[in-house]
Amino acid sequence: MGGVIMNGLTASLVRSEEWIRVRRRIFRQLVESFLYERILSEPVIGHHVEAEYKLRGETETGEKVEYTFWAVRKESFDRIRLSDKPIIRITSRERAEADSIPLFLLEIAAHIPTSEAQLAQFMDELQQTHLKDTQSVRWRVGQPEPQVSEYDEWESALIEGHPYHPCYKSRVGFTLSDNEAYGPEFKPEFKLVWVAIKQDAAQISISSSLDTYAEFIHNELGHELQAFKSILQGVVSDVNLKLNANANTDVEVDGNTNEDASVNQYVFVPVHPWQWERIISVACAEQLRTGEIVYLGQAGDTYRPQQSIRTLTNVSHQVKPYVKLPLNMVNTSSGRILAQHTIMNAARISDWLGRVVAEDSFLQDELGLIVLKEITGVSYYHQKLPNVLEQKIYGSLGAIWRERLHPRLMAGEDALPFNALCHLDQQGTSVIKPWVSEYGLDRWARQLLNVAVVPLIHLLYAHGAALESHAQNMIIVLKHGWPSRIALKDFHDGIRYCPSIPHPLGYPDIEYPPANHQRVNRNSFVEKEDPSEVKDFMLDALLFINLTEVAFFLEKHFGLSEKQWWRMTAEVILNYQERYPELQARFKQFDVFAPEIEVEQLTRRRIHEGPGDCVHRVSNPLHVYRPVPQD
């Protein structure tokens with residue numbers, strides 16, 4: 001019945017007003033990224049003044065077709081922005097709004113550097129985004145405006161998705177039913193599936209702030225743990241008897257003593273319910289048969305997904321940590337698995353970064369920087385399997401727990417995901433409007449930049465560390481709407497540094513990606529040889545996407561020009577440099593005022609074939625404000 005209902009939903013969605021609204025957004029982001037990433041070389045978009053442009057193609061019958069749109073090239077990294085006017089499709093017979101993204105791609109396919117197979121996959125990701133975002137937008141219509149009062153609620157209240165990537169909500173692998181059951185926009189709450197894995201088939205990483213993984217799990221599960229142990233004892237006994245019978249042996253099981261010993265040879269691991277049903281229960285059938293993995297059931301605390309979808313908030317206990325679980329689905333540019341080496345590195349990197357902040361009085365005392373450390377992780381040790389079997393389960397079974405924000409906030413402080421600063425309610429009112437009105441636009445914006453930029457450039461200059469501080473990894477902390485400090489998260493693969501640059505604390509003893517990881521994600525490398533790669537990694541996330549989207553928002557809704565925004569950003573950095581002249585060599589080594597920076601081509605990654613990273617060099621809006629050398 002559920003499948004029938006959801007098939008009916010699809011038919012309803014594609015004929016809805018919301019379908020048109022979402023299609024227009026996808027079209028805009030698609031054309032913007034195609035032109036910006038030079039996937040299409042024509043037309044060349046001009047600066048400053050919005051103008052009409054054309055993309056030319058051919059219909060299936062060979063007739064010439066044009067797609068017209070209005071666009072401008074912006075101050076911010078020369079980003080291209082299409083207007084809100086619909087894209088128009090023109091043939092010799094008609095002029096009408098372009099109403100089919102697949103048809104658009106087919107008609108300009110000759111100009112897209114990719115294969116038919118890759119283009120078909122990309123087309124599917126766009127269609128998946130179209131359906132799933134329409135589903136979420138339509139669900140929101142008629143719902144009362146959510147009364148969001150604290151950070152964890154905000155993490156599920158934001159439904160916009162990536163502001164640049166055209167496949168911002170593809171969630172390939174999720175059906176519409178899955179999307180409603182596990183998408184954060186629908187505010188689902190569910191319990192996790194738990195399994196037990198033999199210790200010799202598990203890898204554990206744990207922070208120095210914790211004693212043992214077993215004790216941590218005891219705190220997580222509470223009274224449920226004893227019930228799980230009882231289930232485990234029964235399964236272990238049953239498996240042993242069957243294996244012994246199959247082996248024609250006469251081994252006797254010595255009552256509870258051996259059973260207890262067997263139970264203690266297992267570690268407990270949570271699994272996302274979707275991941276269990278769609279992936280683990282099938283891919284690990286052999287391990288379940290032999291008792292290497294034991295299914296314990298769905299139990300424990302209740303969780304709600306955050307906007308990153310695989311990170312979950314414990315709604316039963318406000319102080320218990322968040323948990324990140326792998327999902328074998330694709331969203332935006334990435335598969336949402338958790339590679340074993342990133343799980344193993346999580347606590348090690350967090351401990352190192354925690355020490356860096358704790359021993360730096362500027363970060364700790366003056367800026368009050370919050371680092372939400374990843375405190376422990378566990379992974380099924382799939383590298384022991386033959387490669388053909390390992391690839392079926394690579395990065396699919398494991399977990400990372402992250403410290404909770406709530407206990408780190410002080411009295412009077414509130415927190416928002418950084419991208420909530422660009423959020424509009426259903427009436428089109430900005431979340432930040434009351435604060436801008438109270439404190440003044442220029443003053444509030446300048447304080448926001450001080451709070452957001454200074455901790456990250458200090459980590460870069462003073463410690464040689466770059467954090468992937470895009471909007472989902474940054475949290476803004478406010479007092480009565482006044483930006484006061486930030487919290488940072490997601491370090492297991494969201495940090496870069498150069499081991500060749502000495503640091504008084506040394507660097508984490510990390511595990512390196514296995515050779516087969518490169519086929520999953522070529523861009524996941526913590527250690528870099530070139531300092532410019534470290535610097536660009538930070539600027540790509542912090543400036544190119546994060547602060548640029550805020551710049552666009554403030555210009556559109558409050559009239560603050562991009563030029564003024566980037567001038568203020570440069571002043572924040574220059575003020576910092578004046579305060580720390582002893583870091584002059586690092587200012588040159590990590591030149592954030594360079595004419596260009598290297599950023600990822602997020603859309604090209606979806607159509608690219610073969611080796612090589614999808615990056616390009618773009619104009620840096622900070623360059624014009626670079627410090628003038630003194631004679």
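Where is aspartate 78, in the loop between which two strands? Select Asp78 and you'll land in the loop between strand S2 (64–73) and strand S3 (80–82). Keep in mind throughout that this is a predicted model. Aspartate 78 is a good opener for anyone who likes Ramachandran oddities: its phi is positive, about 60°, although it is not a glycine.

**A matching stop further along**

Now jump to Asp490, in the loop between strand S20 (482–488) and strand S21 (495–497). Here, too, phi is positive in a residue other than glycine, with a value near 70°. Aspartate 490 counts as buried, because its relative accessibility of 12% falls under the 20% cut-off.

**Helix H2 and what follows it**

Next, colour helix H2, residues 17–36. Pick out Glu32, which sits in this helix. Is glutamate 32 buried or exposed? It is buried, at 6% relative accessibility. Show its surroundings and, leaving out residues up to four places away in sequence, you'll find it touching Ile80, Arg81 and Leu82. For a sense of scale, draw a C-alpha to C-alpha distance from glutamate 32 to glycine 412: the two are 380 residues apart in sequence and 41 Å apart in space.

Follow the chain out of H2 into the loop that runs to strand S1 (51–58), and stop at Pro43. Zoom in on the peptide bond from glutamate 42 to proline 43: it is cis, with omega near 0°.

Proline 43 is also one of the residues touched by Phe69, so select that phenylalanine next. Not counting residues up to four places away in sequence, the other contacts of phenylalanine 69 include Val31 and Leu35, then Ile45, Ala51 and Tyr53, and also Leu82 and Ile87.

**The cores**

Phe69 is part of something bigger: the largest nonpolar core has 121 residues, and Phe69, Leu105 and Trp565 are the ones that touch the most other members. Show those three as spheres to get your bearings in it. There is a second, separate core of 49 residues; to find it, select Val236, Val267, Cys284 and Leu327, which are among its members. In soluble globular proteins, nonpolar side chains tend to be buried together.

**Empty space**

How many cavities of 30 Å³ or more turn up in a search of the whole structure? There are three, and the largest holds about 60 Å³ of space. To outline that largest cavity, select Arg23, Arg24, Phe27, Arg28, Asp84, Lys85, Pro86, Ile87, Glu97 and Ala98. You're back at helix H2 here, which gives the largest share of the lining, four residues. Colour the lining by class and you'll get six charged residues, four nonpolar and no polar.

For an open space, move on to the second largest pocket, with a volume of about 430 Å³. Its lining has 15 residues, and those nearest the centre are Gln577, Gln584, Phe587, Pro627 and Val628. Show helix H18 (562–579) and helix H19 (584–589) as cartoons, since each supplies at least two residues of the lining. By class, the lining of this pocket has eight nonpolar, three polar and four charged residues.

**Two asparagines and one arginine**

Select Asn179, Asn331 and Arg171 together. Asparagine 179 is in helix H6 (residues 176–182) and is buried, with a relative accessible area of 0%. Its side chain makes a polar contact of 2.8 Å with the side chain of arginine 171. Beyond its neighbours within four places in sequence, asparagine 179 is also in contact with Lys132, Gln135, Phe174 and Phe186.

Asparagine 331 comes from strand S12 (residues 327–331), and is buried as well, at 12%. What does the side chain of asparagine 331 reach at 3.1 Å? The backbone nitrogen of arginine 171. The other contacts of asparagine 331, again leaving aside neighbours within four places, are Cys167, Tyr168, Lys169, Ser170 and Arg336.

**Last stop: Thr311**

Finish in strand S10 (residues 311–314), at Thr311. Threonine 311 is buried, with a relative accessible area of 1%. Turn on side chains and look for the 3.4 Å polar contact between threonine 311 and serine 308. Contacts made outside its neighbours within four places include Arg304, Pro305, Gln306, Tyr322 and Arg402. One more distance to draw: threonine 311 to alanine 399, 88 residues apart in sequence and 9.7 Å from C-alpha to C-alpha.

Terms used
Residues numbered from 1 in each chain as written. Predicted model: local features only at pLDDT ≥ 70, side-chain atom pairs only at ≥ 80, totals over all residues. Heavy atoms only, no water. 1 Å grid on protein atoms, 1.4 Å probe; cavity = no way out; pocket = protein on both sides within 12 Å on 5 of 7 lines; lining within 4 Å. Points joined across faces, edges and corners; volume = space filled by probe spheres on them. Nonpolar A, V, L, I, M, F, W, Y, C, P; charged D, E, K, R; others polar. Core = buried A, V, L, I, M, F, W, Y, C linked by side-chain atoms within 4.5 Å. Buried < 20%, exposed > 50% of the residue type's maximum accessible area, 1.4 Å probe, protein only. Contact = heavy atoms within 4.5 Å. Polar contact = N/O pair within 3.5 Å; in protein donor to acceptor, adjacent residues only side chain to side chain.
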